[in-house]
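Here is the note you asked for on this model. Please read it alongside the coordinates.

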Amino acid sequence: MSETSESWQSISNLVQRCQRLDPSDSSSSAVVLSNPSPFSWESDAASQKGSLEDASRSQDVVALQDQDNHSSYEEIPQNVTLDDHQPSLPQLPIYLRKPHEKNPDFVGREDVIAAIDEALAPSRQPTRTSSPRAFALCGFGGIGKTQVAIQYAFTRQEQYDAILWVEADHPTKLAQSFDYIARGLNLVPSSSKVDLTTSRRAVLEWLWSPEMKIHLAKQEAGDVSPRQVPKWLLVFNNADRLEYLDGYWPIGSFGSVLITSRNPLAISQMTSGNGLRLLPMNQNECANLLLQLVQQSPTPKNISVARTLVGKVYCVPLAIRQLASLIKRNTVTLEEFLTAYGDGPLISEMEKVEGLPQQDQYKWTISTVWGLEGMTAKEISLLGKLALMDPDHISEGILEQDATAGLEDDYPLGKDYVETRTQLLSSSLILRNVELKVLSLHRLVQEVTLEKMDNETLANNYIYVAELLTKSWSFKTDKFDREGQVNLDNLVPHIVRLNDQNLDLSKYLQETNQQRTLAVLFQECAWYLTQQGLHLSATTLFQKALDICNRNLSELRDELATTLFAFARCGAESNSNPIDILARSEELFGIRRDIYNKSPDDNDALCDFATAHTGVAQALLLLDRYEEAIAMAEKCIQLESTLPEMVAGKALNHFALIFQSVGLLGLKKYDMAEDKIQRILAFRKAAYGENDTNSIKLGLALQVLGQIYFKQGKYKECREVNMKAIQNYTAVVGENYYRTAQVCLKLAECHSAEKQLGAASAYFSRAIHLFRSQPYFKPELARAYFKKSMSYDALRANHGEMERNGGDEDPKAMAYTLYQEVVPSPRQTGLDNLGEDDFDNLVRIFSR
């Protein structure tokens with residue numbers, strides 16, 4: 001399932017169905033948001049940033065007074081904004097096509113390139129349209145779709161200001177490709193704190209309304225009139241699962257989109273019939289390709305022999321490259337090669353191809369030619385590992401790890417690796433980007449390689465790749481902290497591909513150490529994806545880790561408990577069923593209790609058991625079972641009270657106190673709730689000083705304190721602590737953390753309650769913009785729209801009916817429509833009678 005489903009994509013259409021006024025204050029304090037972007041649902045990036053800066057500069061937003069009463073807080077500068085990164089315009093032209101390089105041996109396909117030109121060539125006077133120009137290139141694997149796209153992307157670069165390459169065969173790779181593009185265009189900061197949903201949104205917004213900075217070289221050449229609208233080309237490569245493109249497809253854009261796909265429906269579903277089914281190269285083109293590859297002159301004799309040879313391999317480009325490698329390695333002429341092989345194994349094996357479907361013909365042809373190679377054991381071993389990894393970007397740093405302990409002896413290391421890699425390169429089975437030190441191989445080569453393996457060999461290669469990836473992974477001491485995470489994007493696609501393999505792990509992986517390696521690897525990768533906002537992709541990896549642990553429960557109880565803890569946190573962040581979250585938390589609790597009871601003097605076991613209490617407490621809060629949550633958190637505090645660091649005052653049960661405070665908030669015991677938070681604030685100020693950016697724990701405590709103040713009607717205090725919460729979240733995990741959306745909505749409510757409707761509008765916009773980033777925030781999004789409509793109702797009460805602008809949406813209509821999607825059978829009284837309590841009940845207490 002893609003990160004954004006078709007049902008979620010349909011929400012975007014609501015904007016066009018609800019084109020009504022977004023009322024604005026006619027006074028100078030109002031913030032008017034115009035030119036709505038389909039990616040923010042509120043405003044384009046520039047107008048939104050401007051609105052926030054205006055709001056944050058105003059005394060409405062950060063009017064800090066009576067500092068003596070809030071000594072535990074630092075003063076917030078008057079010019080604080082939500083966006084720490086101030087992106088500059090991209091310096092164009094820019095071509096982001098790595099790791100692909102231009103193929104010097106590309107021949108033919110002139111008619112195909114011409115068809116793409118006709119469909120995608122930028123207009124001299126581009127205008128905004130309802131959809132980008134798009135062209136789909138479909139066909140069997142191995143027929144040359146990617147090579148045509150590469151050729152177009154390199155030979156037509158003068159026509160475009162930006163060429164952006166996206167690997168589209170899996171949701172995680174789509175997200176990573178968009179992140180690479182966002183950083184290349186300088187749309188997000190270079191820091192790894194930005195989650196991938198933020199990068200996706202930034203790229204889509206730029207494609208919707210692209211801006212550019214003239215390249216210095218052009219200025220020096222006297223070109224002082226750059227094109228006003230940059231022309232861009234976006235390539236979706238290997239988009240076989242078209243649903244994966246939901247949420248990544250640019251709309252209303254000035255650019256062009258090229259798709260390569262094995263799925264013929266790409267032409268009708270994605271490009272409105274604009275595309276073609278790529279046919280095999282004709283015999284003359286293939287003969288020219290072979291002659292160019294073997295570097296032999298195009299004499300009439302050679303052309304005739306080349307035509308015969310390419311005909312014997314059914315004009316399959318991959319097979320032709322393999323033939324060329326054999327000819328060059330044997331240092332023979334085309335005629336000599338035909339004499340030696342043409343009437344022997346090549347002909348006899350090719351006769352078996354007759355009558356097979358074309359895709360099977362391709363596989364058989366490649367396999368047959370490949371069989372003439374006489375590969376060594378080390379070549380077979382290395383290729384077997386590559387077949388199980390993501391084919392587009394395999395860092396050689398992973399492959400050069402020594403994972404041989406207790407495994408096989410044939411895998412090449414050191415000089416053997418270099419020699420083996422050279423042989424595979426000379427056979428045209430793999431490619432290498434020398435600059436990046438990255439290998440790649442065709443998916444068809446992977447498929448043929450996997451088909452040649454028996455199950456035992458497949459299992460051995462599977463665990464070996466898992467060992468290579470484990471040795472390359474960066475493990476943190478506290479694996480669940482969000483701070484200090486190393487960028488591991490180059491490893492994630494390989495782990496995801498391992499997870500996708502159809503292998504009965506219970507049958508072939510019997511050793512506990514191997515099972516532990518896989519369980520930990522899948523769990524670590526799942527948590528990494530959770531941190532990047534890819535919760536849906538993380539779920540399948542969490543589930544695989546649980547399956548492995550449950551098959552060997554006696555030996556893998558600790559790994560099972562760790563996975564349950566992370567899975568529960570992932571669920572809490574992505575609005576999963578709270579009953580399921582509680583079930584996982586209680587299972588974790590039982591495991592940690594049993595381990596602790598066996599070793600009550602083990603402080604690590606005690607800490608793990610205490611932490612399990614907070615997991616159950618959080619799950620209970622999601623179900624509004626406040627008293628039980630408070631009691632569970634109190635048991636955590638009691639358990640840890642004897643630990644040396646607690647006795648010495650060097651540590652504090654942050655989450656236990658925060659969850660107790662939230663529970664007391666739910667019980668309307670506001671003073672008691674505030675006392676819990678003040679303990680945290682005093683501890684952190686003493687430990688880390690005024691400018692505490694060591695952890696999001698401070699931000700979470702401040703956010704809860706803001707909720708307490710809001711319930712008490714202390715709006716000024718609520719604004720102060722929430723602004724500090726935003727500062728903390730931005731510094732620690734980036735400006736687009738999902739809790740930042742919760743804080744922004746609370747700030748909007750504060751300003752609205754104080755009739756500061758201009759600032760309220762800016763914060764409503766920011767909250768809605770962030771909540772829209774993931775489908776599982778739909779309840780929060782519905783509530784945010786309803787709160788915004790309440791603010792506008794107050795505006796109408798003060799100023800009367802306003803003139804409607806057809807470009808703005810009606811927040812109440814959006815709220816009602818989203819409510820119906822979240823609650824399929826709303827109460828009988830009808831949508832018009834829905835009130836604030838109904839929308840509050842859509843979300844958990846952390847979001848209220």
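The points below take up confidence, then the two sheets, then a pair of helices.

1. On the basis of the note: this is a predicted model, in which local features need pLDDT of at least 70 and side-chain atom pairs count only at pLDDT 80 or more, while totals for chains, interfaces and linings use all residues. Residues are numbered from 1 along each chain as its sequence is written, and side-chain values use heavy atoms, with hydrogens and water left out.

2. On confidence: the mean pLDDT (the predictor's confidence in each residue, from 0 to 100) is 80 for the chain, and 78% of its residues reach 70 or more. Residues 1-86 have pLDDT below 50, although beyond near neighbours in sequence this stretch has 240 contacts in the model, a contact being heavy atoms within 4.5 Å. Residues 214-220 also stay under 50, with 13 contacts beyond four places in sequence.

3. On the parallel sheet: 6 strands (strands being DSSP E runs of at least two residues, and helices H or I runs of at least four, numbered from the N terminus) form an open sheet in the order β2-β4-β6-β7-β3-β8, with parallel pairing; two strands pair if DSSP finds at least two bridges between them. At the edges are β2 (94-96) and β8 (275-277), each pairing on one side only, and the twist averages 10° from one strand to the next. Within this sheet, β6 (232-237) and β7 (256-261) are joined in the parallel sense by 4 bridges, and Phe236 stands opposite Ile259 in β7.

4. On the helix across that sheet: α4 (residues 110-120) lies across β3 (133-138), β6, β7 and β8, and runs at about 155° to β3. Axes here are lines fitted to C-alpha atoms, for helices over the stretch in contact, and angles run from 0 to 180 degrees between N-to-C directions.

5. On the antiparallel sheet: 3 strands form an open sheet in the order β9-β11-β10, with antiparallel pairing. Because β9 (394-395) and β10 (431-433) stand at the edges with a single partner strand each, one side of each is left without a neighbour in the sheet. Strand β10 is joined to β11 (438-440) by 3 bridges, and Asn433 has Val438 in β11 as its bridge partner.

6. On the helix pair: the axes of α27 (603-622) and α28 (626-640) come within 8 Å and cross at roughly 165°, so the two helices are roughly antiparallel to each other (the term applies to angles over 145 degrees). By class, their contact has 14 nonpolar, 2 polar and 3 charged residues, Ala, Val, Leu, Ile, Met, Phe, Trp, Tyr, Cys and Pro counting as nonpolar, Asp, Glu, Lys and Arg as charged, and the others, Gly among them, as polar.

Technical notes: Angles under 35 degrees count as roughly parallel, over 145 as roughly antiparallel, 65 to 115 as roughly perpendicular and the rest as oblique.
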